[in-house]
Structure formats: C-alpha cells, structure tokens
Amino acid sequence: RELKNFEVLNKQINNYFLILFSLLPITIIIGSTASLLNVLIIDFSFILLILSLKDYDFLKTRPIKYLILLYFYLIFNSIISIDYEVGLARNLGFLRIIVLFAAFNYFFNQRLFLRNVFYVWSLVISIVIFDVFWESLMGHNIFGFGGGQYGKRIVSFFKDEPIVAGFINGFYLIIIGFLLQEFFKKKSFIIIISIIFLMAIFLTGERSNSIKALIGFLIFFSIFKEYNFKIKLILFTSLFVIFITLILNSQFLKLRFVNQTYKLFTSDFKYFKLYQSGFEVFKNHKLFGVGNKNYRVETCNLKASDKLTKKDYHCTTHPHQIYFELLSEHGILGTLLILFILYRLVFSKIKELLKSGNYIQIGSYIYLCLTFLPLLPSGSFFNNFMITLFMINLSILYATGDKLNIFKGR
C-alpha cells in the first residue's frame with residue numbers, strides 16, 4: 001500500500017511539473033512578468049522537491065559549478081557597476097536560471113515527460129506560426145495586433161514588440177530535432193515543416209533572426225546523415241528559390257532584405273552608431289565595463305562637460321550586438337570570464353554531440369552557437385526574454401543526453 005501511495009504521489013508531482021514546463025512558451029508570449037512567475041514557481045517547487053529527497057549531489061557537477069561561478073561574477077559586477085541598483089535585480093535574479101537548469105535536467109531525462117512537453121510546445125509554436133502567416137496576409141494577427149509603430153513588421157501575439165522571430169527561433173531547432181527522433185520515417189514531412197518554420201521567420205522581416213534561422217537550417221540538415229549530398233543540394237536550392245520568390249512578390253520583404261541590407265555595408269547602417277557607441281563605452285571602462293544593464297546609464301545620463309569627450313555615445317538601452325554589449329558592460333576581464341564559462345558549458349561539447357546522433361541536442365547546440373554570431377544585431381543577452389530562451393536550449397542540451405545530464409552522468 002505504501003508503495004502504491006508513493007507511485008501515486010510521484011505521478012502527481014510529475015503531472016504538476018509537466019504543466020509548469022508546458023506553460024513556458026505560453027508565458028513568454030504573455031510577457032516578462034508571466035514568464036518570470038512561471039520560472040519562479042518551477043524553481044521554488046523544485047527546491048522543495050530536492051529538499052524532501054535530500055539529493056544534493058548534482059551541486060557537485062561541473063555545469064552547476066560553472067553556472068554558480070557566473071552567478072558570483074554577476075554579483076561582483078553589480079558591486080563595481082557605475083549604478084549598482086540598475087542591474088542588481090537582473091544579476092541576483094540569475095539564480096533562478098541555475099535552478100531552472102537543474103529542474104530541466106531532473107525531469108527531462110524521463111522520455112515520457114519530455115515527449116508530453118514537446119508535444120505541447122509544438123502545438124503552441126504551430127499556433128504562433130499560423131498567426132504569423134495570418135498577419136502577413138491580413139495586416140493584423142488573429143487578435144487584431146499589428147500595424148502599429150513598427151509598420152508592416154509582424155508582431156503576432158507580442159503586440160507591441162517585433163520579437164516573434166526570436167521566439168520561434170528559440171524553439172524551432174529543438175522541435176525539429178524532437179520530430180525527427182519521434183517520427184524518423186517521415187523525414188520528408190519534417191523537411192516541409194522546417195521550411196514552414198523558416199518561411200514564418202522570414203515573413204516577420206527580422207533580418208538577424210532570419211539569417212540565424214537559415215544558417216541553423218543549413219547546418220542542421222548538413223549534419224543529418226540520412227540524406228545524401230544530392231538530396232541536400234536539391235533541398236537547399238529549393239529553399240533559396242522559395243525565399244527569392246517571397247522577396248520578389250513583397251515590397252516589404254524587398255525593403256527589409258534587399259534595400260536595408262545594402263546599408264549594412266555603408267555608413268548609413270543604423271546599427272553602426274550603436275556598435276561604435278558600445279566600443280567607446282568599452283574604451284572608457286576597459287577592465288570590467290560599466291556594469292550589467294548600465295550601458296543606458298553611461299550613455300543617456302551625460303553631464304554637459306562630457307558631451308564633447310563622449311560625442312560618439314548613443315543613448316539607448318544596449319548596443320544591440322552581443323559582443324559590444326559584453327565589452328561595454330563587463331569589460332575585457334568580465335567578457336573573457338563569461339566566454340570561458342560558455343565555452344566550457346557549450347562549445348566544448350561538439351564532439352560528444354556529433355557522436356551521439358541526438359537531434360534534439362544538436363538543435364539546441366546550433367541555437368546556442370548562433371547566439372554568438374559576430375556583427376549581427378541582437379537583443380540584450382541578460383534580459384529576461386533572451387536569457388530564458390538561451391537557458392531553455394542550454395538545459396535541453398544537457399537534460400536530453402545521458403552523458404551530459406547532471407543527474408545521470410554524475
């Protein structure tokens with residue numbers, strides 16, 4: 001009887017966490033407050049579970065140690081910031097990301113749990129993709145959002161921010177990897193789904209995310225061993241023709257991907273001033289930068305006496321490029337430490353992944369690497385939207401592999 005009660009309790013716990021993890025993409029769509037609340041509920045619930053089980057060995061694993069090192073660095077970064085109050089909540093709040101990583105590893109090593117969550121995620125992303133196509137045709141999404149300050153750029157359910165392509169990108173490759181492992185014999189159907197994902201991202205007009213998604217697609221299916229070179233060549237050529245056709249038949253896409261892309265190679269490139277500004281901030285704070293989230297403080301609160309010496313500063317929230325953001329807010333020493341930790345957590349795992357043939361892991365790995373593409377504009381790395389998507393993929397990378405999972409591989 002006690003054994004039966006334990007099994008019932010264990011099933012209830014799994015179902016409880018299944019709901020919480022399934023809600024992650026939905027709460028991201030709703031907004032940062034809902035997303036943060038969802039993550040905090042997962043974290044506190046997981047901490048209570050671990051305390052009841054008295055299983056603390058995972059704290060000794062290298063990934064957790066590296067994340068804790070990053071956490072302590074961020075606290076130090078707050079201390080030396082030019083205005084510690086601005087970035088304090090963001091830096092202290094990174095602890096939630098570490099707990100979330102551990103929770104993913106604990107539950108996603110269960111095949112049934114993983115399948116159920118991924119089915120829900122696939123459904124949610126499918127609805128978003130349908131909504132993107134709807135908005136591209138109708139000028140507004142199914143709730144009437146769109147056509148505001150961003151003109152013809154597609155916002156979908158995010159209504160006041162053109163970040164839907166970044167959202168789809170965050171789930172696109174891991175879902176394709178899941179579908180390949182779940183429906184391996186239906187490879188052609190999954191290829192079609194992949195192209196639909198890409199078309200949705202492309203239709204948003206978000207150039208940076210479109211480039212990342214296209215590169216991700218090419219790398220993913222280049223690695224895919226089941227197709228020979230001839231089939232891959234036909235696939236990539238067909239994709240190229242589809243995109244050219246879309247551009248030629250849309251003035252909006254022609255403007256975004258042809259006219260405005262041309263400016264990338266001229267001084268009219270609108271991000272050039274932001275990159276230059278980020279580098280100027282770095283030059284004035286070389287070792288540890290101005291502090292996380294303090295770029296806006298440094299560039300927007302200039303004294304009259306500083307306006308001549310800091311004339312290349314551009315007032316905005318961040319430099320819109322990950323390396324200039326890291327250099328300006330963390331300096332050379334902080335940036336090197338962050339990149340070293342990320343190398344140990346992500347980039348050093350490539351050989352293991354290629355041998356594993358785990359396409360969910362490969363999808364998450366490609367997304368993580370593409371986050372650090374140079375020159376392309378990007379959102380602020382440590383803001384809630386970006387870091388949540390990044391950590392979901394990092395967690396999936398570890399949780400779905402027997403050798404990397406911190407509860408299996410220890």
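A salt bridge is a side-chain nitrogen of Lys or Arg within 4 Å of a carboxyl oxygen of Asp or Glu. Keep that in mind for the first two exercises.

The model is predicted, so local features need pLDDT of at least 70, side-chain atom pairs count only at pLDDT 80 or more, and totals for chains, interfaces and linings use all residues. Residues are numbered from 1 along each chain as its sequence is written, and side-chain values use heavy atoms, with hydrogens and water left out.

**Exercise 1. Find which residues are linked with Glu 182 in a network of salt bridges.**

Step 1. Begin with the total: the structure holds 5 salt bridges.

Step 2. Look at Arg 111, which pairs with Glu 182; their closest N and O atoms are 2.8 Å apart. This pair joins distant parts of the chain, with Glu 182 in helix H8 (residues 164-182) and Arg 111 in helix H7 (residues 111-138), 71 residues apart. Helices are DSSP runs of H or I with at least four residues, numbered from the N terminus.

Step 3. Now try Arg 115: Glu 182 forms a salt bridge with it too, the closest N and O atoms being 2.6 Å apart. Here Glu 182 in helix H8 and Arg 115 in helix H7 are 67 residues apart.

Step 4. Put the pairs together: Arg 111, Arg 115 and Glu 182 form the network.

Step 5. Check the accessibility, where buried means under 20% relative accessible area, exposed over 50%, and partly exposed in between (1.4 Å probe, protein chains only). Glu 182 is buried at 19%, while Arg 111 is partly exposed at 40% and Arg 115 is partly exposed at 31%.

**Exercise 2. Work out how far apart Glu 280 and Lys 283 are along helix H13.**

Step 1. Confirm the contact: Glu 280 and Lys 283 form a salt bridge, with their closest N and O atoms 3.1 Å apart.

Step 2. Count along helix H13 (residues 272-284): the two are 3 residues apart, so about one helical turn separates them.

Step 3. Compare their surroundings: Glu 280 is buried, with a relative accessible area of 17%, and Lys 283 is partly exposed at 35%.

**Exercise 3. Decide where the buried residues of helix H11 lie around its axis.**

Step 1. Size up the helix: H11 (residues 229-248) has 20 residues and reaches 29 Å from its first C-alpha to its last, close to the 28 Å expected at 1.5 Å a residue. That expected span is 1.5 Å times one less than the number of residues.

Step 2. List the buried residues of H11: Lys 232, Leu 235, Leu 239, Phe 243, Leu 246 and Ile 247.

Step 3. These residues cover an arc of only 105° around the axis, which puts them on the same side of H11. The arc is taken from the directions from the helix axis to the C-beta atoms.

Step 4. Turn to the other side of H11, where Lys 230 and Leu 248 are exposed.
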